[in-house]
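Biologist: Before accepting any label attached to a structure, I should like to hear the reasoning behind it. Would you take me through the terms one at a time?

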Amino acid sequence: MPRNVLNMKSSKDSNTRKIANEKEDKKLTKMPYENSCKIQYRIEQAKIKNIYIKIKDGEVVVRCSPKVQKKYIEEILNKKSEWINKKLKEYNKEKQSENLEKIQILGNEYNVKILYKDIKKVDVSVEDEVEISFPQYFENREISQKLKNNIKDAIYKKVTFEETKIAMEKYTKLTGFAPKQWRIRKINTAWGSCSSNKNITISSNLAKFDRQTIEYVVLHELTHLKYMNHSKQFWQMVENYMPNYKEIRKQLK
Ligand SMILES: [Zn+2]
């Protein structure tokens, strides 16, 4: 934990707050103690004199010496509940906007429009903007993080599929090489792969990048149908069909 943060006097924009020194602050212990602490928290033990509260990934973390009594911690949490709830709300808002309000597609940021319709399943359409339609019963419900992630994955798969299809047609014509089959998968360890039985897999994570980048990955994998390595000849063939490939490739690192 950065020490300078701990001693900051103004904690307006900090998520860490020096709360109290048990010895210094005698007033706190005189407060009526509420038996139930409504705030869920986790204790991080450390050999320190003070007690610190921080909000980390949406979780309330109390950092203090193992000697500090639970009762005292909860008393402080109750006293600071307003500040804690405000920080938690801010965190949730941030998370939401990160996931469904805007989405990065083909190198641009797209606005996401959320609709509620008389449908049974969540439906997504990607055109000038991204439209996510939820069944009506979602209207007053909180959308779980898991569902948000699934929707984002579905959008990425759809976009990557459409773009890959166009790029495949273009470069199979140009190079004369075609895979037996190709598919889109959510792979986090590679942008694409080509198997020895001539199947190509393209990562749906490519949806974030512009068209040229997706084209490059498609061309790269198609070139592996001729050269199953990254030899000089391999890169020569890539360059033949995409002279600026080095520039494009930089984005993927
Ligand atoms: Zn390769």
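Modeller: The exchange below takes up the labels in turn and sets each against its value.

Biologist: What kind of model is this, and how many helices and strands are there in the protein?

Modeller: This is a predicted model. There are eight helices and eleven strands in the protein. Of its 253 residues, 20% count as buried. Contacts between residues 24 or more positions apart account for 49% of those with a separation of 6 or more.

Biologist: What makes E5 and E7 edge strands in the sheet of four?

Modeller: The order in that open sheet is E5-E6-E8-E7, with mixed pairing. E5 and strand E7 (123-126) each have a single partner strand, so one side of each is left without a neighbour in the sheet. From one strand to the next, the twist averages 30°.

Biologist: How do you know that E6 and E8 pair, and which way do they run?

Modeller: Two strands pair if there are at least two bridges between them, and six bridges join E6 to strand E8 (residues 130-135); therefore the criterion is satisfied. The two strands run parallel. Within this pair, lysine 113 has glutamate 131 in E8 as its bridge partner, and leucine 115 stands opposite serine 133 in E8.

Biologist: What makes the pairing of this sheet mixed?

Modeller: E6 and E8 run parallel, whereas E7 and E8, joined by four bridges, run antiparallel. E7 and E8 also form a hairpin, with three residues between them. Serine 125 stands opposite glutamate 131 in E8. Glutamate 131 is thus named in both pairings, as the bridge partner of lysine 113 and opposite serine 125.

Biologist: Which helix packs on this sheet, and which strands does it touch?

Modeller: Helix H5 packs there, touching E5, E7 and E8, and its direction makes about 45° with that of E7. Helix H5 (residues 145-175) also lies across E9 and E11, running at about 155° to E9. An angle over 145 degrees counts as roughly antiparallel, so H5 is roughly antiparallel to E9.

Biologist: What is the strand order in the sheet that contains E9 and E11, and why do some of its strands count as edges?

Modeller: Three strands form that open sheet, in the order E9-E11-E10, and the pairing is mixed. Strand E9 (181-185) and strand E10 (192-194) have a single partner strand each, so one side of each is left without a neighbour in the sheet. On average, neighbouring strands are turned by 15° against each other, direction ignored. Five bridges join E9 to strand E11 (residues 199-203), and these two run parallel. Glutamine 181 stands opposite asparagine 199 in E11. Helix H6 (residues 211-223) packs on the sheet, touching E10 and E11, with its direction at about 15° to that of E10.

Biologist: Why is H6 called oblique to H7?

Modeller: H6 and helix H7 (residues 232-241) pack at an angle of about 135°, with their axes 10 Å apart. That angle is what makes H6 oblique to H7, because only an angle over 145 degrees would count as roughly antiparallel, and 65 to 115 as roughly perpendicular. The crossing is right-handed. Leu219, His220 and Thr223 in H6 meet Phe234, Met237, Val238 and Tyr241 in H7. The residues of this contact divide into five nonpolar, two polar and no charged.

Biologist: What makes the phi of leucine 106 and that of lysine 198 noteworthy?

Modeller: Most residues other than glycine have a negative phi. Leucine 106, not a glycine, has a positive phi of about 50°, and lysine 198, also not a glycine, has one of about 65°. Leucine 106 is in the loop between strand E5 (102-105) and strand E6 (108-117); lysine 198 is in the loop between E10 and E11.

Biologist: How do you know whether leucine 106, lysine 198 and lysine 250 are exposed or partly exposed?

Modeller: A residue is buried with 20 or more other C-beta atoms within 10 Å, and exposed with 12 or fewer. Leucine 106 has 19 such neighbours and therefore counts as partly exposed. Lysine 198 has 14, so it is partly exposed. Lysine 250 has 9 and is therefore exposed. Lysine 250 is found in the segment after helix H8 (245-249), and its C-alpha atom is separated by 9.6 Å from that of threonine 213, 37 residues apart along the chain.

Technical notes:
Residues numbered from 1 in each chain as written. Predicted model: local features only at pLDDT ≥ 70, side-chain atom pairs only at ≥ 80, totals over all residues. Axes fitted to C-alpha atoms, helices over the stretch in contact; angles between N-to-C directions. Contact = placed C-beta atoms within 7 Å. Parallel < 35°, antiparallel > 145°, perpendicular 65-115°, else oblique. Left-handed = near helix turned anticlockwise from the far one by under 90°. Nonpolar A, V, L, I, M, F, W, Y, C, P; charged D, E, K, R; others polar.
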